[in-house]
Amino acid sequence: MSLMKCTHCHLEFDESIMIKEPENKELNFCCNGCQGVYHLLQDDGLNSFYDKVGKNTLSQPLAVGDDSSNFDMESFETRYVKETEEGFNRIDLIIEGIHCSACIWLNEKVLNDTDGIVEININFTNNKAKVVWDEDIIKLSQIIDKIRSIGYNAYPYDRSENEIKATENKKDFFLRMSIAIFASMNIMMIDVAKYTGYFTGIDPEMLRMIHMAEFIFATPVLFYSGWIFFKGAFYGLKNKIINMDFLVSAGATLTYIYSLYVLFGGVGDSYFDSVAMIITFVLVGKYLEVLGKKNAVDTMDKIRSQIPLEATIIVDGGKKVVTLDEIKIDDIIEVKMGEKASVDGEVISGSSSFDESSISGESMPVSKQIGDIILSGTINTEAVIRYRACKNYANSTLNTIVELLEDSLNSKPKIEDTTNEMSKYFSIMILSLALITFFGWYIYEGSFENSLIIGISVIVIACPCALALATPIASLIGISWLSKEGLLFKEAKFIETFAKIDAIVFDKTGTITTGKLTVKATPLSLTLEELNILYTLSDSSTHPVSIAMKSYLEKNYENLKNLELEKIEQIPSLGVQATYKNTIVYGGRLENNIEYKTTIYHFTINDKLLATFELEDKIREDAKKTIEYFKKQNVKTIICSGDNKYTVANIAKEIGCDHFNAKMSPINKADYINSLKQSGKTVVMVGDGINDSLALSRADISIAMGNGADIAIAVSDIVILNDKLSGISKSFYISKRTFRFIKQNLMISLIYNIVTIPIAMAGFIIPLVAALSMSLSSLLVVGNSLRIDKKK
Amino acid sequence: MNSILWIELVIGILVSFTLLGIFIWGAKQGQFDDGKKMMNGLLNDSTDDLQDAIKKDEKVKELKANKKAKLQTNQLQK
């Protein structure tokens with residue numbers, strides 16, 4: 001069997017399952033969705049889409065079950081559709097299935113070519129789209145259908161005040177930072193001439209010209225880009241706090257004033273370059289923080305867009321669609337197949353299976369009978385059921401999780417990084433030394449002007465260039481090494497936090513195990529016809545057990561084909577039954593009193609048991625090694641899972657993990673992380689599912705596996721792109737090594753200051769010494785950092 | 001000699017600040033709001049895409065004009 005690329009999505013599949021077209025043998029599709037989208041694009045003359053996709057892969061077109069007419073409902077319109085000044089309608093959507101710029105192009109192109117669409121703008125970074133349309137020409141449901149027809153899906157989201165504010169803030173910081181970088185780069189170029197002049201000799205008039213140019217560039221940096229530091233310092237002083245903003249603005253302003261004196265007094269050397277550098281360095285760090293906050297807002301919008309908009313309740317024997325806030329305790333709610341339960345409740349009629357992966361993390365649907373509890377956010381996968389609401393929407397599980405997650409994302413506690421702490425004390429010390437120097441010289445010499453210049457020169461020579469470079473340069477080298485290994489750190493500061501961890505908590509399904517059910521090899525004595533019946537039964541259900549069975553049969557037996565089974569019937573929570581040539585065939589779990597410890601699949605014909613299969617979720621190959629590594633590093637390893645105690649204990653024993661917790665809900669997991677933190681531990685959480693998101697957002701460092709849920713990846717600090725557990729131990733090793741170099745760099749810059757500050761206090765600072773010492777300290781820090789990735 | 005250098009300096013600074021001004025205008029228009037999209041546009045946009053953009057502008061103008069006329073008619077009828 002060989003692998004073949006799908007003509008539309010470019011993903012590779014086994015040749016045997018590809019859909020081929022007799023009229024064009026070059027076309028191969030992995031599913032009907034890809035085939036449909038391919039032909040649609042060809043018919044509309046949009047085949048240049050494939051040139052834009054290039055070698056990228058897409059996901060298979062999303063199969064959407066729900067009816068788009070919901071989008072035209074009044075309750076929907078009131079909540080999501082706004083009217084523009086020109087009288088058009090506007091909605092904000094999150095487009096699902098976007099992979100690359102070609103996907104953006106295709107969606108925008110198709111919608112722009114649609115009559116009645118006034119504006120469509122999709123953001124590549126967060127997949128949010130703004131759509132403006134003329135209601136007289138086209139309906140919203142038609143727009144959604146158009147998006148779905150090309151293999152994508154769209155959810156509405158409420159553009160909150162938070163998002164508007166975060167977007168404006170990001171834009172403001174981007175402008176300030178761009179101007180600071182632009183000016184600093186110009187100043188650095190001019191500096192080349194200035195410092196060369198110290199060694200070769202320079203005409204005083206020329207030097208003045210250089211100072212003038214630097215003054216012109218440094219002024220907007222200090223007063224426009226640096227304005228936020230003045231603002232921060234003002235609010236700090238108002239609350240009687242000397243914060244980092246005060247020290248940055250005081251240092252930069254004093255250096256600026258001193259340099260102005262040099263420029264117009266015509267003596268000494270100006271330090272406009274230091275003014276621009278200090279502001280630019282700190283501003284870049286602040287901009288990254290702002291980006292982080294904006295990402296948190298985008299993540300919350302994605303999560304909120306997954307919440308159902310309305311529910312069907314039974315009133316006086318009839319059905320009524322209501323918004324979630326209108327649901328009261330004891331209301332009877334009907335949930336159809338494919339729908340999400342909107343509030344928590346108890347089943348009163350019917351039976352079905354529910355996908356609880358978003359709450360418990362377990363991929364296997366759970367059977368629900370009369371009297372069982374349904375949790376909000378879980379998806380009905382089989383038959384229509386009715387249940388009685390036992391909580392209102394605000395107190396239901398889904399809303400509680402969303403609200404807790406929102407709180408965690410808005411105030412995610414992180415360990416204060418060492419450089420910031422050091423800079424704070426360092427700056428207070430420098431300011432104090434400068435004051436002592438000023439008063440000392442004034443008392444000793446009596447010249448106010450000379451004392452002021454020497455006092456300011458202490459601040460200038462202590463220019464925190466080396467200190468400012470100590471962390472970013474080492475982090476940059478560490479981060480690029482990590483990314484080469486397929487380990488994505490979203491921010492450099494996570495290197496430091498990760499290097500200091502005491503405990504690491506693993507989720508089970510999808511993290512320690514592969515999260516995919518596989519059938520244990522079973523010797524079979526079935527005829528080819530029986531095998532084909534079994535194959536057809538497993539092919540007629542989308543239940544994870546059936547999918548695993550189908551893939552097992554395809555892998556182990558050749559020439560299998562689908563038979564024409566009749567009266568195919570899904571038996572909720574059990575399996576699939578059908579008739580074939582007057583016999584009753586059945587694949588699934590048999591109803592008996594035996595309590596199985598693993599997942600079992602029976603195959604019967606006319607109630608005669610022909611085969612029994614056992615399915616298991618395999619442990620990842622590198623799980624044991626990873627646990628051993630962390631144990632050697634004196635890091636406590638723990639498994640937390642929503643699964644039963646027996647399964648979790650078995651897995652913990654197999655991989656050598658000493659601690660485990662079973663039957664944990666998302667809130668239990670988050671509370672456990674909190675309790676570990678309260679006991680003084682720095683905690684890492686590793687997970688992959690929506691159910692882990694809350695615990696991930698609470699941990700000091702959160703790690704998501706690369707093929708995990710979008711939300712888990714969004715709330716995580718580190719993403720293991722290669723999806724291997726060994727990536728976590730590799731990340732820990734690199735973080736520890738990088739952090740050791742950061743500490744060395746900080747030490748170098750401190751020693752530099754210990755040597756040069758006394759010289760400045762003694763009044764011996766001449767331009768040559770300043771130029772040499774500033775460059776030397778920075779070079780030492782950069783040179784030391786380059787050693788980080790030498791030992792791989 | 002020095003006076004020429006001074007003139008050159010002024011011109012240089014003026015040119016660079018003009019370019020910075022254009023950049024700020026672009027940023028305020030929202031052209032850099034989506035970094036990834038902008039970079040991909042620079043790499044991949046062809047003349048066809050520019051033609052599409054012109055067509056789109058014309059379509060939007062027409063839609064806006066029609067809507068305005070319709071709203072005015074509605075107001076007059078009231």
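Phe354(A) stands opposite Asn380(A) in strand 17 of chain A, where strands, like helices, are DSSP runs numbered from the N terminus (H or I of at least four residues for a helix, E of at least two for a strand). This is a predicted model, in which local features need pLDDT of at least 70 and side-chain atom pairs count only at pLDDT 80 or more, while totals for chains, interfaces and linings use all residues. Residues are numbered from 1 along each chain as its sequence is written, and chains are lettered from A, with ligands numbered from 1, in the order in which they are written.

**Sheets of chain A**

Strand 17 of chain A pairs with strand 14 (residues 352–355) in the antiparallel sense over two bridges; two strands pair if DSSP finds at least two bridges between them. Both strands belong to an open sheet of three strands with the order 15-14-17 and antiparallel pairing. Strand 15 (366–368) and strand 17 (379–380) each have a single partner strand, so one side of each is left without a neighbour in the sheet.

Another open sheet of chain A has six strands in the order 11-10-12-18-13-16, again with antiparallel pairing. Its edges are strand 11 (318–323) and strand 16 (373–374), each of which pairs on one side only. Gly345(A) stands opposite Ile374(A) in strand 16 and opposite Ala389(A) in strand 18. Some antiparallel pairs of chain A are set out below.

| Strand pair (chain A) | Bridges |
|---|---|
| strand 10 (residues 310–315) and strand 12 (residues 332–335) | three |
| strand 13 (residues 345–349) and strand 16 | two |
| strand 13 and strand 18 (residues 385–389) | four |
| strand 6 (residues 89–96) and strand 9 | four |

In the last of these pairs, the bridge partner of Ile95(A) is Ala154(A) in strand 9. In a regular strand the side chains alternate between the two faces of the sheet. Along strand 9 (residues 153–156), Ala154(A) and Pro156(A) point to one face and are buried, whereas Asn153(A) and Tyr155(A) point to the other and are not. A residue is buried if 20 or more other C-beta atoms, placed from the backbone, lie within 10 Å of its own, exposed if 12 or fewer do, and partly exposed in between.

**Nonpolar cores**

A nonpolar core is a set of buried Ala, Val, Leu, Ile, Met, Phe, Trp, Tyr and Cys residues joined through C-beta atoms within 7 Å. The largest has 67 residues, and those with the most contacts inside it are Val505(A), Ile639(A), Val684(A) and Met685(A). Helix 25 (residues 726–761) of chain A gives the largest share of this core, nine residues. A second, separate core of 46 residues includes Ile210(A), Ala233(A), Ala276(A) and Ile461(A).

**Two loop residues**

Most residues other than glycine have a negative phi. Asn606(A), although not a glycine, has a positive phi of about 50°; its place is in the loop between strand 25 (599–605) and strand 26 (608–619) of chain A. Asn634(A), also not a glycine, has a positive phi of about 65° and lies in the loop between helix 20 (623–632) and strand 27 (636–640) of chain A. Asn606(A) is exposed, with 10 other C-beta atoms within 10 Å, and Asn634(A) counts as exposed with 7 C-beta neighbours inside 10 Å.

**Where the chains meet**

Between the chains, 25 residues of chain B are in contact with 24 residues of chain A, contact being C-beta atoms, placed from the backbone, within 7 Å. Helix 1 of chain B gives the most to the side of chain B that touches chain A, with 10 residues.

Terms used. Contact = placed C-beta atoms within 7 Å.
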